[in-house]
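Dear colleague,

Please find below the sequence and structure that I am passing on to you. My findings are set out underneath for your consideration.

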Amino acid sequence: MDSSSTRRQATRTKLYEAAVTLIAEQGFSATTVDEIAERAGVAKGTVYYNFKSKTELFEELLRHGVSLLTASLRAAAEETAERGGGRVDALDAMIRAGLVFIDRYPAFTQLYVAELWRTNRAWNSTLLVVRQEAVAVVEGVLREGVEAGELSDEIDVKLTAAALVGMVLVAALDWQAFQSERSLDDVHAALSRLLHGRVGGC
């Protein structure tokens, strides 16, 4: 990546961070491009140089955030496999990776979960695509586990993958909003026990 591309990506990251914080605080409609530019420390024209509109910025923000989550889930599964761990171990590592991501990007997670329940948004189709990208990583590990005999062949792979992702999202948001005194290790341990008891059958 050349220096101009690096600078542009750095600028986009600043805009993503500014937008996600503002929109999480006051909603999409109430957030203006002027506010995003001011929070990012750039000129208003810089926003329009990088994105055609506030809607496009938000769509790209969703893509960017979920791509980071997807990459962290995939890396957790791959690292587990490299260490010789099984698929349940990989799912456990992915749960932890998801919690780490949410702990690092709480505003994005709040925004993402809120938008999943909204309808008639311009970015609904984008949201469905990026959601499936994250869930598909979990689906892949579940399928491998079933094929290898590590997991029951009665598992509904699609629904179980969605349930695992949803479990991590909701538990993490509850942790941050209502049980912030708990450590990440505490939350991971609780979800890990659930995973091993309900999915792993141990």
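The notes that follow describe the fold, the domain interface, the annotated regions and some individual side-chain pairs.

Please bear in mind throughout that this is a predicted model.

Overall fold

The protein chain contains nine helices and zero strands, and its pattern along the sequence accordingly reads α-α-α-α-α-α-α-α-α. Measuring along the principal axes is best left to your own viewer, but the computed span of the C-alpha trace is about 55 × 40 × 35 Å.

Domains and their interface

The chain divides into domain 1, covering residues 1–51, and domain 2, covering residues 54–196. Taken over C-alpha atoms, the centres of domain 1 and domain 2 are 26 Å apart. Contact between the two involves 14 residues of domain 1 and 13 residues of domain 2.

Between domain 1 and domain 2 an area of about 1,300 Å² is buried, and carbon and sulfur atoms give 79% of that area. On the domain 1 side, the residues that lose the most area to domain 2 are Y16, F28 and F51, which together account for 48% of what that side buries.

What kinds of polar pairing cross this interface? Zero salt bridges are found between domain 1 and domain 2, whereas two residue pairs are in polar contact, both at pLDDT 80 or more. Three elements each give two or more residues to the side of domain 1 that touches domain 2, namely α1 (3–26), α2 (33–40) and α3 (44–50). Of these, α1 gives the most, with six residues. By residue class, this side of domain 1 consists of eleven nonpolar residues, three polar residues and no charged residues.

Annotated regions

Two features come from an unreviewed UniProt entry, and I report them as they are listed there. The feature "DNA-binding region" is listed for residues 32–51. In the model, residues 32–51 are 75% helix and 0% strand, with 14 Å between the end C-alpha atoms. The feature "domain: HTH tetR-type" is placed by UniProt at residues 9–69. Residues 9–69 are 80% helix and 0% strand, and the end C-alpha atoms of this span lie 18 Å apart.

Salt bridges and individual residues

How many salt bridges does the structure hold? There are eight in the structure. In one salt bridge, the side chains of R39 and E25 meet at 3.6 Å, N to O. Because R39 lies in helix α2 and E25 in helix α1, this pair ties together parts that are 14 residues apart in sequence. As background, side chains of opposite charge can pair when their charged atoms come close.

I also looked at K158, which is found in helix α8 (residues 157–178). Which residues does K158 contact, leaving aside its neighbours within four places in sequence? The contacts of K158 are with Q132, E139 and R143. By contrast, K158 and E38 are 42 Å apart in space, C-alpha to C-alpha, and 120 residues apart in sequence.

With kind regards

Terms used:
Residues are numbered from 1 along each chain as its sequence is written. This is a predicted model: local features need pLDDT of at least 70, side-chain atom pairs count only at pLDDT 80 or more; totals for chains, interfaces and linings use all residues. Side-chain values use heavy atoms; hydrogens and water are left out. Domain bounds come from an automatic or database domain assignment. Contact means heavy atoms within 4.5 Å. Buried area is the accessible area (1.4 Å probe) that two parts lose on being put together, summed over both. A salt bridge is a side-chain nitrogen of Lys or Arg within 4 Å of a carboxyl oxygen of Asp or Glu. A polar contact is a pair of N or O atoms within 3.5 Å; within protein, one must be able to donate a hydrogen and the other to accept it, and residues adjacent in sequence count only if both atoms are side-chain atoms. Helices (H or I, at least four residues) and strands (E, at least two) are DSSP runs, numbered from the N terminus. Ala, Val, Leu, Ile, Met, Phe, Trp, Tyr, Cys and Pro count as nonpolar, Asp, Glu, Lys and Arg as charged, and the others, Gly among them, as polar. UniProt positions are given in the numbering used here, feature names are shortened, and annotations may be inferred rather than shown by experiment.
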